[in-house]
Amino acid sequence: MRLTRRTLLAGLGATTLLPRMAQAGTGGVTLTAREGRVQVAPSAYPETTVWGFDGQVPGPLLRATQNDRLRCRLVNDLSQPTAIHWHGLRVENAMDGVPGMTQDPVPTGGHFDYDCRLPDAGTFWYHSHNQSAEQVARGLFGPLVIDEPDAPDVDHDLMVVVNDWRMTEDAQIHESFGQMHDLSHGGRIGNYVHIDVTPRPETLNRNQRLRLRFLNPSTDRILQLGVIGLTGWVMALDGMPLETPAPLADFILAPAQRLDAFVDVTAGDGETAMIVQHERDGTFVLDEFPVTGAGTSRPRPAPPALPPNPVIRAVAGPDTRHLRMEMEGGAMGGLREGTYKGRKMSMRDLVSNGQVWTLGGVAGLPDDPWAQLERGETLRVTLVNNTAFPHAMHLHGHHFHELRPDGPGPLRDTLLVMPSEERDIAFVADNPGNWLFHCHMLSHQTAGMKTWIKVA
Ligand SMILES: [Cu+2]
């Protein structure tokens with residue numbers, strides 16, 4: 001089969017998966033990482049054999065309330081070891097799910113009990129952090145919603161997961177993992193973009209207000225998304241509320257990023273409301289909802305901001321510790337040498353070790369942390385992209401914000417840095433432990449773009 005643009009367009013709506021919802025807050029849940037078969041491609045094509053949590057992709061939508069705890073047993077029924085990283089949750093270090101750093105990988109037949117504090121409300125996700133470029137591409141990810149104690153005023157609260165798949169002509173996962181061309185360029189980009197809206201309303205009514213929780217779990221693809229027939233506000237980025245909601249326009253969602261929007265149905269009776277994806281060669285409808293005039297209510301006023309999460313905002317002054325993180329390497333990057341496993345190597349030797357990117361001159365995880373911080377210390381980092389590709393830089397265990405000329409930017413856990421950009425971020429290192437700092441284009445992470453910080 002050829003997964004053409006037409007099948008992309010024709011497949012919409014025909015591919016509704018219905019992950020069950022699991023209340024994770026009390027008593028806990030079990031997630032079993034195992035093989036499964038799901039209808040990812042349009043119904044004319046066979047089911048896809050995936051690796052998923054409970055055999056589903058996306059994995060079950062986990063839900064808990066702020067300040068509750070998330071208790072989850074991971075059972076591994078896969079042929080490879082695995083582990084779960086709770087992306088964006090400011091968990092205790094031992095619960096961060098990074099094999100080799102915070103836990104041993106969970107072997108085939110084994111299990112691990114996670115018990116995470118939940119200081120922040122918002123939209124988060126969970127995914128494998130072991131051989132993640134392969135395991136996430138095979139489907140080992142799922143959404144995680146932490147509810148505010150007082151529910152905001154919306155009619156529908158929808159999880160919107162938009163994932164990029166690289167499929168064969170019979171709709172099976174392409175076994176092209178770790179190809180040097182992908183690793184050294186924009187990553188393992190797929191040929192089929194799939195949307196999953198949970199729970200999915202069959203129809204919408206004019207003037208209804210929706211909360212759309214967008215997540216891009218793709219290993220490497222940067223999405224440009226938008227809505228039609230829906231008008232509203234960006235309420236939160238990466239789980240952290242904006243101090244002032246901003247008008248929603250087309251937006252970029254890099255791998256691992258989330259965006260919460262409140263939108264009102266502005267399409268008229270008999271029209272459709274849509275979620276669309278913009279590509280270089282056109283705009284594609286990912287999902288669409290018929291709108292009826294039934295139950296028409298009056299437009300609501302603009303929503304107030306969501307309550308802030310208890311993140312200590314970094315204040316960077318002239319005395320704040322300041323480090324530069326140079327990103328180098330990749331195709332057309334001109335990198336001549338880098339350090340790998342403590343040894344300085346030529347680019348040719350790096351490549352023969354599957355490494356092609358460096359952070360601060362080092363490929364792969366160094367023995368010593370890139371930065372060692374006192375608890376409560378503020379760190380300013382200038383992210384310097386000296387490569388020909390964008391990178392989605394993710395810090396574990398903390399949220400940071402950008403230092404912009406016009407003031408502090410929104411809190412984020414993943415920041416897209418474009419080629420030749422320099423972006424200043426700052427955060428308060430208030431979470432003790434060893435935390436990864438890496439590119440969330442998982443092909444880039446595999447090929448060297450990862451380091452770590454230590455908070456005493
Ligand atoms: Cu990258």
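Where is Asn431 found? In this predicted model, Asn431 occupies the loop between β32 (422-429) and β33 (433-439). The residue counts as buried because its relative accessibility is 4%, under the 20% that marks the limit for that class. Its side chain has two polar partners. One is the backbone oxygen of Val91, reached at 3.0 Å; another is the side chain of Arg117, with a polar contact of 2.9 Å. When neighbours within four places in sequence are left aside, the residues in contact with Asn431 are Arg90, Val91, Arg117, Gly397, His398 and Val455.

The strand that follows this loop, β33, leads to the metal site. Cys439 lies in strand β33 and supplies its SG atom to the copper ion. The other protein donors are the ND1 atoms of His391 and His444, and the donors lie 2.0 to 2.1 Å from the ion. Along the sequence the donor residues follow the spacing H-x47-C-x4-H. His391 belongs to strand β28 (residues 391-395), and the pair it makes with Cys439, 48 residues apart, links distant parts of the chain. Both His391 and Cys439 are buried.

The strands β28 and β33 can next be placed in their sheet. Five strands build an open sheet of mixed pairing, in the order β26-β34-β33-β28-β31. At its edges stand β26 (371-373) and β31 (414-417), each of which pairs on one side only. From one strand to the next the twist averages 20°. Strands β28 and β31 run antiparallel and are joined by four bridges; Ala392 has Leu416 of β31 opposite it.

A further open sheet has four strands, arranged β3-β2-β5-β7, and its pairing is also mixed. Why is one side of β3 (48-53) and of β7 (111-117) left without a neighbour in the sheet? These two strands stand at the edges, and each has a single partner strand, so one side remains unpaired. Neighbouring strands here are turned against each other by 25° on average, with direction ignored. Within the sheet, β2 (residues 29-38) and β5 (residues 69-76) pair in the parallel sense over five bridges, and Cys72 in β5 is the bridge partner of Val29.

The nonpolar interior may be considered next. The largest nonpolar core contains 38 residues, of which Leu383, Met393, Phe427 and Ile453 touch the most other members. Ile453 illustrates the surroundings of such a residue: beyond the residues up to four places away in sequence, it touches Pro369, Trp370, Ala371, Leu373, Leu395, Phe427, Gly433, Asn434 and Trp435. A second core, separate from the largest one, has 30 residues, among them Val193, Ile195, Leu253 and Val263.

Several details of backbone geometry deserve attention. The peptide bond from Val57 to Pro58 is cis, with omega near -10°, and Pro58 lies in the loop between β3 and β4 (61-65). Another cis peptide bond joins Thr198 and Pro199, where omega is about -15°; Pro199 falls in the loop between β11 (192-198) and β12 (204-205).

Positive phi values in residues other than glycine occur at Gln131, where phi is near 40°, and at Ala171, where phi is near 65°. Gln131 is located in the loop between β8 (122-128) and α2 (132-135), whereas Ala171 sits in the loop between β10 (156-165) and α3 (180-184). Their exposure can be stated as well. Gln131 counts as partly exposed because its relative accessibility is 43%, while Ala171, at 0%, counts as buried.

Finally, is Pro247 buried or exposed? With a relative accessibility of 67%, Pro247 counts as exposed. The residue belongs to strand β16 (residues 240-247). Apart from residues up to four places away in sequence, Pro247 touches Gly232, Trp233 and Val234. The C-alpha atoms of Pro247 and Met235 are separated by 9.1 Å, the two residues being twelve residues apart along the chain.

Technical notes: Residues are numbered from 1 along each chain as its sequence is written. This is a predicted model: local features need pLDDT of at least 70, side-chain atom pairs count only at pLDDT 80 or more; totals for chains, interfaces and linings use all residues. Side-chain values use heavy atoms; hydrogens and water are left out. Buried means under 20% relative accessible area, exposed over 50%, partly exposed in between (1.4 Å probe, protein chains only). A polar contact is a pair of N or O atoms within 3.5 Å; within protein, one must be able to donate a hydrogen and the other to accept it, and residues adjacent in sequence count only if both atoms are side-chain atoms. Contact means heavy atoms within 4.5 Å. Donors are N, O and S atoms within 2.8 Å of the metal (3.2 Å for Na, K and Ca); water is not among the atoms, so sites may look incomplete. Two strands pair if DSSP finds at least two bridges between them. Axes are lines fitted to C-alpha atoms, for helices over the stretch in contact, and angles run from 0 to 180 degrees between N-to-C directions. A nonpolar core is a set of buried Ala, Val, Leu, Ile, Met, Phe, Trp, Tyr and Cys residues joined through side-chain atoms within 4.5 Å.
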